[in-house]
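Open the structure in your viewer and keep the selection tool at hand. Here is a short tour, one stop at a time.

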Amino acid sequence: MAQQNDFDLALNTKWFTKEPPAFPLPSMKALGPCTSTYNWFWEQDFADTTKTLICAVRWTDTKAITKVRVTWKRSDPSGTITAQQKHYPPPAPLSEEELYKVHQLYGANIAGWAEAVVGTTVGDGECWTLIHRALLDLAETYRQYGQEAPLISQGRSHGYPILTLTAPTAGSNSGLLQIADVRRGDILEMKSAHFHMITEEAPKK
């Protein structure tokens with residue numbers, strides 16, 4: 001992937017002075033769905049207050065990250081503003097061995113968490129909320145035991161993508177989940193799907 005060029009931060013709009021700040025910026029949203037976070041810092045002396053805003057945006061499809069640091073004087077934002085940007089490329093693709101290692105680390109616990117709440121309503125009842133809460137809870141548990149925590153949901157992206165599937169007709173892609181090596185604990189999101197249970201009859205004597 002090519003190096004991300006600096007974004008137009010539109011500093012003349014003073015978006016950084018608003019609470020909460022108007023971030024991500026339109027130039028960032030134009031690249032696709034994303035999530036963001038921010039923190040404020042300030043230093044005060046006898047003459048004025050220096051404010052610093054640090055923002056980060058992560059694109060849900062690529063997992064690329066851009067961080068922005070903006071500093072200004074409260075008495076004169078336009079005349080004292082300074083800004084920096086740092087861009088972090090998407091993570092490298094995982095090898096088959098790495099994917100299997102991640103499955104061993106998280107798969108059974110993700111599935112077990114979901115099975116434990118069958119018959120209950122998690123949050124607002126949306127499927128996205130279910131896996132988001134699962135990953136949040138499991139991340140906290142893993143940290144408590146000093147282990148690497150799973151990545152928290154980024155928008156509607158819940159980890160490393162291993163399969164995108166579109167069926168031209170019903171049943172035309174039967175069996176592809178097995179071919180793609182989808183395992184217990186992997187997260188599937190379906191816009192439209194049809195499930196058909198096949199039962200095998202015992203051979204007649």
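The tour goes from the whole chain to its cores and then to the surface. Keep in mind that this is a predicted model.

**Whole chain.** Colour by secondary structure. You should find 5 helices and 4 strands. Trace them from the N terminus: the order is α-β-β-β-α-β-α-α-α. The chain has 205 residues, and 26% of them count as buried. Among contacts between residues at least 6 apart in sequence, 45% join residues at least 24 apart.

**Largest nonpolar core.** Select W15, F23 and M28. Within this core of 15 residues, these three touch the most other members. Now add strands β2 (49-59) and β3 (65-73), the elements that give two or more residues to the core. β2 supplies the largest share, 4 residues.

**W15 up close.** Which residues does W15 touch, leaving aside those up to four places away in sequence? Show L9, A10, P21, A22, F23, L25, L53, C55 and V70.

**Second core.** Next, select I110, V117, I131 and I152. They are among the 13 residues of another core, which lies apart from the one you just viewed.

**Surface.** Switch to a surface view. The accessible surface of the chain comes to about 15,000 Å², and 54% of this belongs to carbon and sulfur atoms. Select L94, V102, Y160, I162, L163 and L165. Together they form a nonpolar patch with about 450 Å² of accessible area.

**Last stop: V102.** This patch member sits in helix α3 (residues 96-116). Is V102 buried or partly exposed? V102 counts as partly exposed because its relative accessibility is 35%, between the cut-offs of 20% and 50%.

Conventions:
Residues are numbered from 1 along each chain as its sequence is written. This is a predicted model: local features need pLDDT of at least 70, side-chain atom pairs count only at pLDDT 80 or more; totals for chains, interfaces and linings use all residues. Side-chain values use heavy atoms; hydrogens and water are left out. Patches are made of residues with over 30% relative accessible area and no salt bridge: like charges are joined within 9 Å, nonpolar side chains (Val, Leu, Ile, Met, Phe, Trp, Tyr) within 5 Å. Accessible areas come from the Shrake-Rupley method with a 1.4 Å probe; for residues, only the protein chains shown count as cover. A salt bridge is a side-chain nitrogen of Lys or Arg within 4 Å of a carboxyl oxygen of Asp or Glu. Buried means under 20% relative accessible area, exposed over 50%, partly exposed in between (1.4 Å probe, protein chains only). A nonpolar core is a set of buried Ala, Val, Leu, Ile, Met, Phe, Trp, Tyr and Cys residues joined through side-chain atoms within 4.5 Å. Contact means heavy atoms within 4.5 Å.
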